[in-house]
Structure formats: C-alpha cells, structure tokens
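Me: Before anything is classified, I should like each label to be justified by its value and its cut-off. Please take up the structure shown here.

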Amino acid sequence: MKTITPTPALEQLEKLAAAHKPGYTLDNTFYQSPEVFARDVERIFMRTWLYVGHVSQIPASGDYFLFDIAAESVIIVRDEDGAVHSLANVCRHRGSRVCREASGNTNTFVCGYHGWVYSLNGELRSRRFMADDFEPFRFGLKRLKTHVFHGLIFINLSAEPSDFEAETAPLSTLLEPLQLERTKVAARTNYPVAANWKLALENYLECYHCSPAHPEYARIHALRLPEPQLRVLREEFRAKPNPNGLSNEHLETGYEADSDVTRIYYLRSPLSGDALSGSEDGKPLAPLLGRLVEHDGGSIDVSIGLVTYLLVYTDHAVVYRFTPRDVQTSDMEVTWLVRDDAEEGVDYELERLTWMWDVTSKADKRIINDNQAGVNSRFYEPGPFSEMESSPRDFAQWYLRTLCTP
Ligand code: FES
Ligand SMILES: [Fe+2]
C-alpha cells in the first residue's frame, strides 16, 4: 500500500464491531474498506512483531535484504561484528530511499540522491558540504527494534514494542532441541493472494478445509480430524517413547490476551499412520534437525506473533509469513528450512522437500482467492463458524476488539 488513506473514526469502527454476531464471520466491510485497511496497518502491523527472514539469508558482513510493508521499507543487514540490524530505509538528509536492491552485499549504504554514506550499523559516515556545526551522530539511519529468535529475525516498527523476549521465553525453551538457529533456507516462495490479509490468515488458522481442499496434506497429517478424534490420537502418541525429548506441552497465548502481546502457540501432534515427515509418501526428506535422534512420526505447530507460523517436522521446518499489501492483495511467503550442513542433491532433493507445502499453498491460494471473490458479493452475509474453526472464530473477536482499542 503506497497511498495514504484516512483512518476511520473510532466511533464508526465501534458501530461496525458492535453489529458483529459472535461465532459468525466478519462483515465484508472489514475485507473491502480502504479505511479499515489503513487502520489494520496502523493499529496492528505497525505495532506487532514481524518475522522478516532467517539469519542464513545474511551469513556474511554486509549481507542485507529489504523488508517492505505498507509505506515502510526496512534494511535488514549484518554488520562487521556479526550483529543483525534493522534500519529504516529513509535517508536522514531529505528522506530518499537509501537502498534500492531487494538484497545484496555492501560495505556501506550510499544514498543515490546527494551521496550521504551510511555504515552497516546505520551511522552516518560521510556527507558532502554540510555546515561546520553539522553533527553527523544525530543523523544515522533510524534503527528499529530487532530480535533474532532461534535464527528467525523479528522486527517491530513501533517505538515502544511489547517485550518480545519475555513473551517468547516459554516457547524458546520448548524449541531448544530443534536448534532452528542451526538451519538454513533451502527454498523460499511467495504465493501472493488476491485477498485481504485476514482471509489468508483465517484460512491458515483452521483445518476444517483440509480434507476437502488438501487431499495431499490430509493423507499425511492427523490435524485434518475433528478435535475429539485428534485428542485420542494425541494421547496414544504421547504414551509412546519420546527419544527426541520434545515437549508435549500445549502452549498458547489466547486471543483474549492484550492485543499487543506476542501470541505464541506450540503443540506437538502425530502424523497420520506411519508417516515420518511432510512428504508426498510420508518418508523422511532431510537429515534430522538439531539434537533429534530419530524420525518420531510427529510434527509441531508453532505460532510466533500474529502472522508467523511454523510447522516443524523432525527433518525440516516450514515457515509461513503473511504480509498485507493492499486491501485485497496479500503475500503468503513460505520458507523451507533444513539443517545448515545438509547438502542439496546429497542429503535432500529440493523438489521432494518442497512438494507438500507447494501443492498445499497453491490450493490455499485458490481457496483464499475464491473466498474473497464471494465475500465481495452483495449476496454475502456473515456465516457460522464450525467447531473445527475455533481459531478463526476467536481471531475475529480479537480483531474487532483490537481495531477499536486506541
Ligand atoms: S536525500 Fe539522501 S543524500 Fe540527500
Ligand atoms: Fe490450507
């Protein structure tokens, strides 16, 4: 979104939210209005922690990539000391974008307008013909709050973000055996959807659609089942030996929590039958992650914040990232992580590795697009969520409350 749209008055939003029937989907205004979208960006995306990429994308000093959202562009860069910084891509002279390439390697960032030069940590290193009393230390690129969590880089565009470290500490302990910081990006694909970001997210949050829409996924994952059946399978799974020492705890920051608190979710589930990984045939795909010792037939669903989701198998992880682009365009980026010492063609085949979530994401793209098309109709009216859709149901309540909170 590059245009500036006026944010609607709070009273208007409150009226719309008050008309919502709990347990039902949202009114289509929330998926269509540029004013609501502007509010979504300001109230949610400029305040929540956002996953931007993996440390393996910038292994060396001077490696960088850009992360764009709404009117903002952020340079994610590794400096000479190995630290990862997020710098607002806005020159402190007259505001030009400083970095124009989506990714690369550099020693400095040189603004293309009047040639101000910034170092990798954002400090202003040189400028031409400025007055004698010019104080360069006051004009470094603005640094955003950044956290590297198990190799995943998170940033926050707010000046006073929530306490990411404290909020994710319980999850951090549970992820420890997986050593995700010792993985690398094997593949990364964007599946842009012609839909509001909430429709893309709501689709990810439920598996009611898994059986009809994802036959490939449904064959391998028990998550397609309704909760009572799934609970029995989980109990059986938990009774088995657990040589990997992975936790069976269910960790969740509910949607009733404060809007700005980083949501976390962790739940380990069995795969279907004798499947060992998220592959076409259920067979393993890559070397075991971290300190794991065997393919245990389980997988772990993880959320970190509102729009970042991980599905961790014993031999690879899949990261989902949702980014709003405009009212009815969103990016759904999928990243496949494997052990950092795994060699393509030797330890894993890229096509086999990406098969499951490529075919599943393509199907998701289709159903999300169809959903938005129908929601845009004059004949759309909010419909009832099923029991298997408790997460999008609770998200809808969270969303309305958040939108109406100053
Ligand atoms: S705007 Fe960057 S040097 Fe002038
Ligand atoms: Fe799906």
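Me: What makes Ala 70 count as buried?

Reply: In this predicted model, Ala 70 has a relative accessible area of 10%. Buried means under 20%, so Ala 70 is called buried. Its place is the loop between β2 (63-69) and β3 (72-78).

Me: What is notable about the phi of Ala 70?

Reply: Ala 70 has a positive phi of about 50° although it is not a glycine. Most residues other than glycine have a negative phi. His 150, also not a glycine, has a positive phi of about 50° as well.

Me: Where does His 150 lie, and is His 150 buried or exposed?

Reply: His 150 is found in the loop between β9 and β10. Its relative accessibility is 12%; the limit for buried is under 20%, and His 150 therefore counts as buried.

Me: Why is Gly 112 called exposed?

Reply: The relative accessible area of Gly 112 is 74%. Exposed means over 50%, so the label applies to Gly 112. Gly 112 sits in the loop between β6 (109-110) and β7 (117-118). Gly 112 and Gln 32 are 80 residues apart in sequence, and their C-alpha atoms are 37 Å apart in space.

Me: Which atoms coordinate the iron ion (ligand 2), and what makes them donors?

Reply: The iron ion (ligand 2) is coordinated by NE2 of His 209, NE2 of His 214 and, twice, an OD atom of Asp 364, at 2.0 to 2.7 Å. Donors are N, O and S atoms within 2.8 Å of the metal, so these atoms qualify. Along the chain the donors follow the spacing H-x4-H-x149-D. Both His 209 and His 214 are buried.

Me: Why is the site of the iron ion (ligand 2) called irregular?

Reply: The angles among its 4 donor atoms run from 53 to 154°. Four donors count as tetrahedral if all angles lie between 85 and 135 degrees, and as square planar if opposite donors are over 155 degrees apart and all others between 65 and 115. The angles of 53 to 154° fit neither description, so the site is irregular. Water is not among the atoms, so sites may look incomplete.

Me: How do you know that the span of helix α4 agrees with what is expected?

Reply: Helix α4 (residues 164-175) has 12 residues and reaches 16 Å from its first C-alpha to its last, close to the 16 Å expected at 1.5 Å a residue. Helix α10 (residues 390-403) agrees in the corresponding test: 14 residues should span 20 Å, and its end C-alpha atoms are 20 Å apart.

Me: Which residues of α4 are buried, and what places them on the same side?

Reply: Phe 164, Glu 167, Thr 168, Leu 171, Leu 174 and Leu 175 are buried in α4. They cover an arc of only 105° around the axis, which puts them on the same side of the helix. Glu 165 and Thr 173 are exposed on the face turned away from that side. The buried residues of α4 pack against β9 (143-149), β10 (152-156), β12 (251-252), β13 (264-270) and β14 (298-304).

Me: What covers the buried residues of α10?

Reply: The covering elements include α1 (10-18), α2 (29-32), α3 (34-45) and α5 (197-204). Among the buried residues of α10 are Phe 395, Trp 398 and Tyr 399.

Me: Why is the pair Glu 176 and Arg 291 called a salt bridge?

Reply: The closest N and O atoms of Glu 176 and Arg 291 are 2.6 Å apart. The cut-off is 4 Å, so the pair qualifies. Glu 176 lies in the loop between α4 and β11 (183-190) and Arg 291 in the loop between β13 and β14, so the pair ties together parts that are 115 residues apart in sequence. The whole structure holds 16 salt bridges.

Me: What makes Arg 234 buried, and Glu 227 partly exposed?

Reply: Arg 234 has 7% relative accessibility, and buried means under 20%. Glu 227 has a relative accessible area of 38%, which lies between the limits of 20% and 50% and is therefore partly exposed. The two form a salt bridge, with the closest N and O atoms 3.5 Å apart.

Notes:
Residues are numbered from 1 along each chain as its sequence is written. Chains are lettered from A and ligands numbered from 1 in the order in which they are written. This is a predicted model: local features need pLDDT of at least 70, side-chain atom pairs count only at pLDDT 80 or more; totals for chains, interfaces and linings use all residues. Side-chain values use heavy atoms; hydrogens and water are left out. Donors are N, O and S atoms within 2.8 Å of the metal (3.2 Å for Na, K and Ca); water is not among the atoms, so sites may look incomplete. Four donors count as tetrahedral if all angles lie between 85 and 135 degrees; four count as square planar and six as octahedral if opposite donors are over 155 degrees apart and all others between 65 and 115; anything else is irregular. Buried means under 20% relative accessible area, exposed over 50%, partly exposed in between (1.4 Å probe, protein chains only). Helices (H or I, at least four residues) and strands (E, at least two) are DSSP runs, numbered from the N terminus. The expected span of a helix is 1.5 Å times one less than its number of residues. The arc is that of the directions from the helix axis to the C-beta atoms. Contact means heavy atoms within 4.5 Å. A salt bridge is a side-chain nitrogen of Lys or Arg within 4 Å of a carboxyl oxygen of Asp or Glu.
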